[in-house]
Structures are given as structure tokens and as C-alpha cells.
Amino acid sequence: MLSNVAPSVFNGLILGAFYAFVAIGLSLIMNLTGTINLAHGSFLTLAGYLAFTLVSKGTSFWFALILAPLLTVVVGVAVERLLIVPLYKRDPIFSLLLTFGLSLIAEEVYRLIWGPNGVPFSAPGILGGGISLGFMQFPTLRLFIAVVLAAAMVLLALFLWRTRFGLRLRAAIQDTEMISAMGTNIQLLYMVNFALGMALAGLAGVLASGLLGLSPTMGNALLMPAFVVAIIGGMGSLFGSIVGGLLVGLAISVTTLFIPAANEVIMYILMAVVLLIRPRGLFGTEGLFG
Amino acid sequence: MNNRQKQGYIAAIAAVVLLAVLPLKIGSHSVLSLMHLDVSILSEMLLFAIAAMSVNLLLGYTGLMSFGNAAYFGLGAYGAGLSIHYLNMNFIEGAIIGTIVALLGGLIVGPFLLRRRGIYFALLTLAFGQVFYFIAYRANEFTGGEDGMSFPRPYFGFPGWHTDLHEGSFYYLMLLVFAVVLVGFWLIVRSPFGRTLQAIRQNELRVRYLGLDSNKFIFVALLVSAAMAGLAGALYGLLIMFAAPLMLDWQQSGDFVMIMILGGAGSIWGPVVGSLIYVIGKDIISTLTQTWQIYIGALFVICVLAFPGGLLGTLLNSIARRDVGAPISEETVPHKAWESGAPASSAAVAAEQKES
Amino acid sequence: MAEVLLEAKNVSKHFGGVVAVNSVSITIEQGSIYAVIGPNGAGKTTFFNALSGFYMPDGGQVLYKGQDITTMPNWQRVQLGMSRTFQTPSIFPELTVYENLLIGVQSQQKIAFRLRLPSVARKKEIDARIDELLGFVNLVHLKDRPVAELSHGSQRLCEIAMSLSVDPTIVLLDEPMAGLAEAETERIMRVIRDLHDRLDLTVLFVEHNMRVVLALADHITVLDRGAMLAQGTPSEISNSQIVREAYLGQEVLNRV
């Protein structure tokens with residue numbers, strides 16, 4: 001039984017970590033600017049394809065793992081500055097629709113460039129194989145992904161809680177008007193915040209490509225569960241997104257073992273239950289937009 | 001009856017007459033066939049207009065960002081399809097059952113949505129909408145799963161009389177349904193209930209401090225919206241004789257919101273104009289190019305950036321300066337200034353004194 | 001002694017670690033004009049919000065005609081007979097003055113939920129009621145103007161008329177003079193007087209201007225840093241040593 005359940009649980013947790021990653025990026029952007037970024041998944045996919053192209057042009061995987069998210073940040077920030085900034089002052093429905101339009105365009109563009117079906121993108125040999133954990137064999141790639149995601153989350157937490165800029169960012173998320181009255185350059189905050197979201201999406205995109213299969217719709221497939229994770233964890237709570245992500249990943253993996261047909265619906269059931277008990281999510285506080 | 005109302009009636013009648021004569025043939029051609037359009041595209045246009053009106057009731061009138069109305073639309077289509085496929089229902093029964101199924105969906109999801117406002121409301125509609133997508137997707141023995149389900153279009157009629165609907169007569173039936181829905185919608189937004197919804201959009205707190213339970217109003221608005229979307233979905237299912245998970249998807253919801261914004265939120269005619277542009281535009285673009293999704297996406301982006309009041313709203317504004325409906329498009333900045341208790345402008349004071 | 005209408009017993013409210021209101025009790029008798037006064041940051045508005053159901057107090061009780069309404073939703077309190085205004089007028093900016101009042105009259109007539117238009121007779125009744133309300137605050141000439149276009153003072157009057165449209169027994173006014181010029185202050189003071197004299201309503205209002213309070217109120221509670229400083233009639237308050245010190249200090253500070 002253990003040999004059957006344990007790998008599923010581990011896989012579920014890794015999937016959950018991906019959800020958490022996307023959810024944190026969405027949460028950061030949504031809480032600071034009121035933008036529900038429906039193009040988040042498109043940027044994630046973009047990072048995957050960029051890494052794929054870099055590797056197929058002879059770049060090493062390790063270099064692509066760093067470069068592709070950076071390029072995604074550049075593209076993302078350019079889109080934010082050019083298209084989304086003019087909408088910050090308007091009703092949030094407009095940025096929602098704009099990013100929706102962008103996701104439609106992106107999906108089709110990816111299809112044009114990289115083809116409608118998935119492309120093979122595999123990690124280097126060293127991450128092949130598996131590592132023995134005593135009671136089970138565990139694939140090295142998954143372990144590597146888990147380590148990278150965990151490290152990135154620690155780095156993000158350090159940035160937000162241990163640097164002056166991070167402190168300002170968190171303050172701005174609490175109260176945008178106050179921080180702009182204090183003289184902080186709010187546009188710079190918006191930009192860095194969006195870039196953070198893009199970096200998280202980019203890293204997740206490259207790592208997910210090796211695991212979930214790289215296709216034009218890969219990012220969008222992660223987007224909806226990420227919204228659910230953000231709702232379960234409580235919007236605006238970094239910790240909530242992580243807990244929510246792992247919880248959803250776990251629920252999915254366990255459900256897949258026993259009732260495979262319900263493995264997507266389970267997260268919505270989880271969401272409904274959480275909302276019944278805590279309308280603002282597990283770790284949600286009264287937010288700006290509540 | 002004032003002038004504006006009169007103009008409204010004339011415009012409404014003119015529009016319906018125009019829609020009625022479009023498919024009529026003069027000699028061997030009609031306006032429609034000259035444009036290389038099929039009559040069923042007009043049916044689709046009307047049904048998408050009803051679906052967009054259902055979003056308009058929430059977003060344009062009540063101020064609630066619903067990004068999940070495709071769920072009700074799809075539930076309508078599946079409700080009609082399943083009842084026809086498994087229970088041999090006729091046309092009218094199928095349409096009614098589809099509407100009721102969507103209404104039930106609203107009843108289940110509504111209490112969850114009611115608790116939040118603003119972008120959190122949008123997020124919840126987005127998330128809860130997907131539940132039905134996955135149910136349809138996964139219950140493949142029953143619903144055909146990803147491939148969707150085909151079903152025949154039953155005869156239309158009552159006990160004692162019935163007829164088969166071909167594309168032409170189907171369209172005229174849709175025109176009738178559309179006219180009824182339009183009049184119903186018009187009556188709703190002008191009723192005391194509809195006025196209260198518009199008040200909620202502007203200031204829900206004040207509505208509560210006038211002794212009204214705003215949640216009750218919002219819940220009913222959600223149900224009406226769900227039923228409208230469900231009716232549109234059921235009839236759309238009957239039009240294409242097909243139901244598929246994509247009809248329930250958030251991207252479909254996005255299309256409805258966009259149709260409404262294209263024409264202008266908070267106005268009766270906005271969704272109709274938006275639907276005309278969207279459905280016919282999409283049909284034309286998709287015959288010209290495989291990559292039509294890029295152009296639709298670009299249309300959204302341009303419309304959001306360049307015509308925040310919608311095409312109809314922008315057009316009418318440039319003619320009459322006064323907005324047709326409630327402009328959710330307006331920047332929130334002036335509101336903020338007003339809320340922070342900005343001193344009354346001396347111009348406003350002077351103008352009042354002049355009048356008194 | 002007149003019947004007790006609204007009563008607060010040891011009401012407290014804190015935000016995080018900050019105690020905004022600390023165990024404040026007041027008793028408002030039917031037919032009185034009651035003022036809560038204090039310098040900025042004294043917790044007046046917080047106390048007021050706890051009374052009117054804007055949020056729930058963390059401790060204490062609120063009673064209306066002896067009924068415990070501490071946790072009652074705000075809209076139900078309005079139905080009981082308590083209506084209120086806000087420091088910055090809470091109105092429907094895009095609607096006309098007439099339409100603003102219509103929402104309230106519909107609520108009072110219990111027809112807000114109807115899907116059909118009111119009958120001709122009913123419509124006449126509603127219009128007459130709106131005209132009466134507008135006549136009371138002297139806004140008839142602005143009836144068809146969107147409220148957003150009105151001056152701050154007229155917006156406040158419109159809001160007062162809206163709070164009257166639901167047929168209240170007690171009207172709660174949150175800093176009714178805030179942000180107004182001298183002439184407009186006089187206008188509002190006259191209206192508050194009329195609420196009591198002409199409409200027989202009980203009035204509770206929050207204010208930081210001692211002159212206004214002494215001129216209008218028959219009972220006063222002075223708050224300072226969330227706690228009760230003094231309570232009594234205008235003459236008791238104006239002769240109170242503690243209040244004088246608090247206010248003198250405040251005024252000296254204001255001048256600096």
C-alpha cells in the first residue's frame with residue numbers, strides 16, 4: 001500500500017507546489033493593482049517554449065533554466081508597461097478583459113510558432129534516473145523540481161520580509177494610497193511586483209515543461225487550479241497560497257488513486273468547504289478589495 | 001412619454017423589423033446571402049446577445065463582475081441536450097429544462113458568490129464556473145466527455161400542433177424569443193427592483209442603510225442572470241444540435257463579457273450591438289484565416305484600450321454627449337475625489353444658486 | 001421621564017491592538033437631540049459605527065427600545081427605525097436627486113422588490129412623498145440634477161432627506177458639518193433643529209465643534225481617546241473643568 005500511495009502523494013505535492021507558484025504570482029499582482037491576470041498562464045507557457053528553443057539551439061539546460069524566466073520577465077514587464085498600466089485607474093473588469101484577449105492571442109501565436117501539439121522537452125541526463133529513498137524509488141527530476149521550487153519560495157520570502165523594498169511592497173499591498181503619499185515611487189513598485197509574478201511564472205513554466213508536457217495550453221491548464229488555490233489559501237497570503245497549493249495537490253493525488261474521474265472536481269469541493277467555514281480563505285485577511 | 005423614450009421605442013421597432021427582413025429573398029438573393037452569411041448566424045447572434053445581456057444585468061446594472069456566465073449557458077445546452085437525448089423531450093420542454101438546470105446551477109453557486117464583491121467576486125465566478133466544465137468533461141459516459149454530445153432537434157409545438165424547424169423558421173422563433181427577453185429585460189431594469197440593482201452598483205452601503213438587504217437583491221439578480229444565460233444556452237444547443245464542455249469554459253464566459261463591453265455596459269442595446277459585431281466579425285474572420293483567434297484577441301485588446309465605453313456607447317456619446325446607460329467605464333478617480341470629501345466646487349454652488 | 005430609545009452599554013471596539021472605543025455607555029431618550037463630541041481621533045465615529053451596525057462592537061451591548069440589537073445587520077436596524085448619514089455623504093452619485101430619494105421611498109413602502117412599475121395612484125403618492133422630503137431640506141429646485149453635480153452642502157442635505165425617506169424614529173448624523181462653509185453649517189443646523197421640532201424625531205449626532213453642539217443638543221457625551229470624559233446637559237458640559245481642560249488643550253494644540 002505504502003509503495004503505491006507514497007509516490008502519488010509526492011507527485012501530488014509537487015503538482016501542488018506548481019499551483020502555489022502560479023497562485024503567488026497571481027496574488028501579488030491582484031492585491032497590488034487589482035488586476036486578475038488571465039494571461040499569467042500564457043507567460044508561463046512562453047517561458048517553457050523559450051527554454052525549449054534555447055536548449056534546441058544548443059544552450060545548456062541549466063542556462064536556459066535561468067535565461068528563459070528572465071526573458072519572460074522582460075516580455076511581461078513590457079506588456080505591463082505598455083498595455084496594462086493605462087488600465088490601473090479604471091474598473092478592474094478592463095484589465096481582466098485585456099489579459100483575457102492577450103491569452104487568446106498568445107495561445108494562437110504559440111501554435112503558429114511551435115505547432116499545435118506538444119513538443120518534447122526533456123531535462124538533461126543527470127536528472128534522469130531515480131534516487132532510492134529506502135522504501136521507494138523517487139525520480140531525480142521531481143526531487144530537483146521540488147528543491148528548486150522550495151528554494152525559490154524561500155528567496156521570495158526573504159525578499160519580501162528582509163529587504164527594504166520588500167517591506168515597501170508589502171506595505172503598498174496593504175494600502176496603496178498611503179504608500180504613494182509617503183513618496184515611494186508607486187510605478188516602480190507596480191513594475192517590480194509584476195516582474196516578481198513573471199519570474200515565478202517563468203520558473204514554473206520551464207520546470208513544468210519537463211514534467212507536464214509543453215503545449216500551447218500548458219499554462220492555462222495550471223491557471224484555473226491556481227485561482228482555486230489562491231481562493232483556498234486566502235488572497236494576498238503567501239503562506240496561504242503555499243498551504244492551499246499543497247493541500248490541493250494532495251487532494252488531487254489521493255482522489256486520483258481512488259476515484260480518478262473526480263480528480264479535478266475535488267479541488268472545487270475543497271474550495272467550497274473552505275469558503276463555507278472561512279469566507280476569506282484559510283489565511284485571508286480583510287483586503288483592499290474585500 | 002418623453003423624447004428619449006420615444007426614440008428608444010422607434011429604435012427598438014426598427015431594429016426588430018430590420019432583423020426580420022434580413023433573411024427575406026428578393027429574387028434569388030437576400031441581404032444575408034449577398035454578405036455570404038447563413039441565417040443560422042443571425043440566430044447565433046441573437047442568442048449570444050441574450051447571454052451577454054445576462055452578464056449585463058450583473059455587471060452593467062448591479063456592478064458585479066461575473067466571469068462565469070458560460071457555466072449557466074453550458075448548463076442550459078446540456079440540460080436541453082440530455083433531456084432530449086435520454087428523455088425524448090420536445091423542443092419547448094428541452095428549452096425549459098435547460099433553463100431550469102441553469103437556474104439550479106445558480107442556486108447552488110449563488111450563496112458562495114454572495115459573500116464577496118469586486119475582483120474577489122469575479123475570481124469566485126471564474127472558479128465556480130469551472131466546476132461544471134469538469135463535471136461535463138469527466139462524466140463522459142453520460143455527456144460524451146470532451147467530444148461533447150450530439151442530439152437531434154425535436155419538433156416544435158404543443159399537443160395538437162407541431163412543426164419541424166428548419167434554419168429559417170428557427171431564426172424567426174429566436175427573433176420572437178429575443179424580443180420577449182428584450183422587453184422583459186427592459187421592464188426589469190425599469191422596475192423598482194431594477195432601480196435598486198442600479199443603486200447597489202453605485203453605493204451598496206447606502207442601499208443597506210435604506211433598510212434593504214442588498215444580498216437578497218443580488219441573489220435574485222444572479223438567478224435571473226443564470227436563467228437568461230441558461231435559456232440562451234438551451235436554444236443555442238438546439239440550434240447547433242450539440243453540447244460540449246467548451247460551452248461551459250471560462251473562455252466562453254470571457255466572450256460574453258467582451259460582447260457586452262464591445263457594445264457598452266449598462267445599456268439595453270449594448271449587448272445586441274456587441275453580439276452583432278462579435279458573431280458576424282468572427283464568422284467573417286474565420287472564413288478568411290485559420291488564425292482568427294489572434295484577431296479576436298486583438299479586437300478585445302483594442303476595444304478595451306480605445307473604446308472603454310463600448311463601440312455603441314462611444315458612438316452615441318459623440319452624437320449626444322450624454323451616456324446611454326450606466327458607464328462602468330468611467331474612471332474611478334473622480335469618485336475617489338468625491339468620496340474623500342473634496343470641497344464642493346464653487347461652480348456647482350453658483351449653478352445651484354442660479355437655479356433657486 | 002421619556003421612554004429610552006437607544007442605549008449603549010459598555011460598548012468597546014478595537015482594531016488590532018488599538019483600542020478605538022473603550023467601554024462607552026449612553027442612553028438616548030425619545031425626543032432628545034443627543035450629541036457625541038470629542039477631538040479628532042476620540043473614537044466618535046467608531047462608536048457611532050458600532051451603534052449603527054456598520055461593524056459589530058467587540059464588547060458591550062446596543063439596545064433599541066430595550067431590544068438587544070448588538071449583532072443585528074445594519075439594514076434590519078433601519079427597518080426598526082434607525083437611519084444614518086455618513087461623514088462624507090453616502091449617496092448614489094449618478095442618479096438624480098429624485099431617483100436617490102426614490103430608492104429610499106420604495107424601501108419604506110416595501111415595494112423595492114417588485115418587478116412591475118407602481119400604479120398611477122402609487123406613483124402619485126411616491127412623488128408627493130419625495131416632494132415633501134425635498135421641501136423639508138429645501139432641494140426641490142435641484143430634483144432632476146444628478147447628485148454628483150451638487151455642491152457638498154446640497155449632497156449632505158440630499159443624504160439627510162434620504163435618511164428621512166425610510167420613516168425613521170431616530171436619525172444618526174455622523175459629523176454633519178464636516179467640510180462645510182459657515183453659511184452651509186447654519187443651513188444644516190436649522191435642518192437638525194427642524195428634525196426635532198417639526199418632525200418630532202430623535203437625533204443623535206457626532207460633532208467636534210463645541211459651539212454647534214452646545215447650540216443644538218440637550219444631552220452631550222464627551223469622548224477623549226476612546227473613553228468617556230463627561231456626560232450631561234449643555235450647561236453641565238460647558239461648566240465642566242475636565243472638558244474645559246481637554247478642549248483648551250486641544251485648541252492650544254490646534255493653534256500651534
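**Two packed helices in chain B**

Student: In this predicted model, at what angle do helix α4 (residues 69-87) of chain B and helix α10 (residues 214-240) of chain B pack?
Tutor: Two packed helices are described by the angle between their axes and the distance between the axes. Here the axes of α4(B) and α10(B) lie 6 Å apart, and the packing angle is about 45°.

Student: So are α4(B) and α10(B) parallel, perpendicular or oblique to each other?
Tutor: Roughly parallel would need an angle under 35 degrees, and roughly perpendicular starts at 65. The angle here is about 45°. That's why the two helices count as oblique.

Student: Is the crossing of α4(B) and α10(B) left-handed or right-handed?
Tutor: Handedness depends on which way the near helix is turned from the far one, and clockwise gives right-handed. For α4(B) and α10(B), the crossing is right-handed.

Student: How many charged residues does the contact of α4(B) with α10(B) have?
Tutor: Let's look at who meets whom: the α4(B) side includes Tyr72(B), Phe73(B) and Gly76(B), and the α10(B) side includes Ala229(B), Gly233(B) and Tyr236(B). By class, this contact has 12 nonpolar and nine polar residues, and the number of charged ones is zero.

Student: What share of the residues of chain B count as buried?
Tutor: Chain B has 16 helices and six strands. Out of its 356 residues, the buried share is 53%.

Student: Over which residues of chain C does pLDDT stay under 50?
Tutor: The mean pLDDT of chain C is 90, with 96% of its residues at 70 or more. One stretch stays under 50 and has zero contacts beyond four places in sequence: residues 252-256 of chain C.

Key
Residues are numbered from 1 along each chain as its sequence is written. Chains are lettered from A and ligands numbered from 1 in the order in which they are written. This is a predicted model: local features need pLDDT of at least 70, side-chain atom pairs count only at pLDDT 80 or more; totals for chains, interfaces and linings use all residues. Axes are lines fitted to C-alpha atoms, for helices over the stretch in contact, and angles run from 0 to 180 degrees between N-to-C directions. Helices (H or I, at least four residues) and strands (E, at least two) are DSSP runs, numbered from the N terminus. Angles under 35 degrees count as roughly parallel, over 145 as roughly antiparallel, 65 to 115 as roughly perpendicular and the rest as oblique. Two residues are in contact if their C-beta atoms, placed from the backbone, lie within 7 Å. Ala, Val, Leu, Ile, Met, Phe, Trp, Tyr, Cys and Pro count as nonpolar, Asp, Glu, Lys and Arg as charged, and the others, Gly among them, as polar. A residue is buried if 20 or more other C-beta atoms lie within 10 Å of its own, exposed if 12 or fewer, and partly exposed in between; C-beta atoms are placed from the backbone. pLDDT is the predictor's confidence in each residue, from 0 to 100.
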